[in-house]
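Q: I would like to learn how to read strands, helices and single residues in a model. Can we go through one step by step?

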Amino acid sequence: MSTDWREWHERYDDPSSSLVRRLEAVRDEVRRLLADRRGARTQVASICAGDGRDLLPVLASMDGDVDAILVEIDSDLADRARATAAALGLARVEVRTGDAGLASTLAGAPPADVFLACGVFGNITDSDLGATIGALPALVAPGGAVVWTRGANLGDGELSAYPGDPADLVRELLARRGFTEESFVRPADADFRVGVHRRSVDASPTALPERMFSFAR
């Protein structure tokens with residue numbers, strides 16, 4: 001893994017960037033999912049969570065019986081997420097510094113009602129994508145939802161061998177694993193995609209592999 005993720009996060013400082021638009025699309029979906037569960041105890045998980053900006057401001061803006069676990073491998077970004085959670089008064093947020101690709105990092109975490117996999121699928125191989133999506137029935141509660149993102153085909157820098165838009169491979173694999181598409185955002189003028197897929201109660205969880213994925217860039 002060679003990407004400097006702290007530097008990457010600086011792209012959020014440009015209000016005209018597609019990353020900012022993606023962030024707002026993710027937050028809108030998370031806000032909607034939490035609003036739909038208002039009054040019910042809700043478990044949220046976010047892998048490769050960075051500094052938590054996809055989730056933490058939304059949690060702070062809403063009332064609800066919500067516990068959240070964020071996982072981030074970069075210690076500086078994880079510290080920023082902890083500081084933000086504390087500043088926002090989010091006492092029921094746990095930030096774990098660790099490799100989200102390892103099942104052991106998620107040990108003890110209850111299946112999530114809302115599971116965020118944002119900024120993950122475009123940074124892993126097709127093989128790891130299949131393993132990660134295959135693990136989701138064990139990580140997401142029956143009826144729970146996955147919020148995910150994927151960039152458009154990057155040409156020479158693309159990790160996926162899938163012909164066409166690699167987001168469609170994500171959608172196909174989720175469908176095979178018992179997830180029903182609830183929302184899919186593919187702007188005509190931007191290179192990001194945001195999807196929401198809901199786990200069927202009939203989706204069968206399997207034992208988690210020791211490693212689900214590794215970042216390849």
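A: We can start with a strand, keeping in mind that this is a predicted model. In strand S4 (residues 112-117), 6 of the 6 residues are buried, so the strand is largely enclosed by the rest of the structure.

Q: Which strands pair with S4, and in what sense?
A: To read pairing, look for the bridges and for the direction of each strand. Strand S1 (residues 42-47) pairs with S4 in the parallel sense, over 4 bridges. Strand S5 (residues 140-151) also pairs with S4 in the parallel sense, over 5 bridges.

Q: Which residues can I use to find these pairings on screen?
A: Take one facing pair for each. For S1 and S4, Ala45 stands opposite Phe115. For S4 and S5, Val114 stands opposite Ala145.

Q: Through what does the chain cross from S4 to S5?
A: Follow the chain from the end of one strand to the start of the other. Here it passes through helix H5 (residues 126-139), and this β-α-β crossover is right-handed.

Q: What does S5 pair with besides S4?
A: S5 is joined to strand S7 by 7 bridges, and these two run antiparallel. Val147 has Val196 in S7 as its bridge partner.

Q: How many bridges join S6 to S7, and how does the chain get from one to the other?
A: Strand S6 (residues 179-185) and S7 run antiparallel and are joined by 6 bridges. A hairpin of 6 residues connects S6 to S7. One facing pair to look for is Val185 opposite Val194 in S7.

Q: How enclosed is S7?
A: Apply the reading used for S4. Of the 8 residues of S7, 7 are buried, so S7 is largely enclosed by the rest of the structure.

Q: Arg193 lies in S7. Is Arg193 buried or exposed?
A: Go by the relative accessible area, with under 20% counting as buried. The value for Arg193 is 9%, so Arg193 is buried.

Q: What surrounds the Arg193 side chain?
A: Look for polar partners, then for the wider set of contacts. The side chain of Arg193 makes a polar contact with the side chain of Asp165, at 2.8 Å. Leaving out residues up to four places away in sequence, Arg193 touches a list of residues including Trp148, Thr149, Arg150, Ala167, Phe184 and Pro187.

Q: Now a helix. How do I check the span of H4?
A: Compare the distance between the first and last C-alpha with the span expected at 1.5 Å a residue. Helix H4 (residues 75-87) has 13 residues and reaches 18 Å, close to the 18 Å expected.

Q: Which residues of H4 are buried, and where do they lie around the axis?
A: The buried ones are Leu77, Ala78, Ala81 and Ala85. Viewed down the axis of H4, they fall within an arc of 100 degrees, so they line one face of the helix. Ala86 and Ala87, on the other side of H4, are exposed.

Q: What do the buried residues of H4 pack against?
A: They pack against two helices, H1 (5-9) and H3 (56-61), and two strands, S2 (66-72) and S3 (93-97).

Q: What should I look for at the ends of H4?
A: At the start of H4, a side-chain oxygen of Asp74 comes to within 3.0 Å of the backbone nitrogen of Asp76. After H4 comes Gly89, with a positive phi near 75 degrees.

Q: Which residue other than glycine has a positive phi, near 50 degrees?
A: That is Cys48. Cys48 lies in the loop between S1 and H3. With a relative accessibility of 21%, Cys48 counts as partly exposed.

Q: How does helix H2 read by the same span check?
A: Helix H2 (residues 18-36) has 19 residues and reaches 27 Å from its first C-alpha to its last, close to the 27 Å expected. Its buried residues include Leu19, Val20, Leu23, Val26 and Leu33, and among them are also Arg22, Arg27 and Glu29.

Q: Where is Thr206, and what is Thr206 in contact with?
A: Thr206 is in the segment after S7. Setting aside neighbours within four places in sequence, Thr206 is in contact with Gly134, Ala138 and Arg177. At 42% relative accessibility, Thr206 counts as partly exposed.

Notes
Residues numbered from 1 in each chain as written. Predicted model: local features only at pLDDT ≥ 70, side-chain atom pairs only at ≥ 80, totals over all residues. Heavy atoms only, no water. Expected span 1.5 Å × (residues − 1). Buried < 20%, exposed > 50% of the residue type's maximum accessible area, 1.4 Å probe, protein only. Arc of directions from axis to C-beta. Contact = heavy atoms within 4.5 Å. Polar contact = N/O pair within 3.5 Å; in protein donor to acceptor, adjacent residues only side chain to side chain. Pairing = 2+ DSSP bridges. Right-handed = clockwise from strand over helix to strand, strands pointing away.
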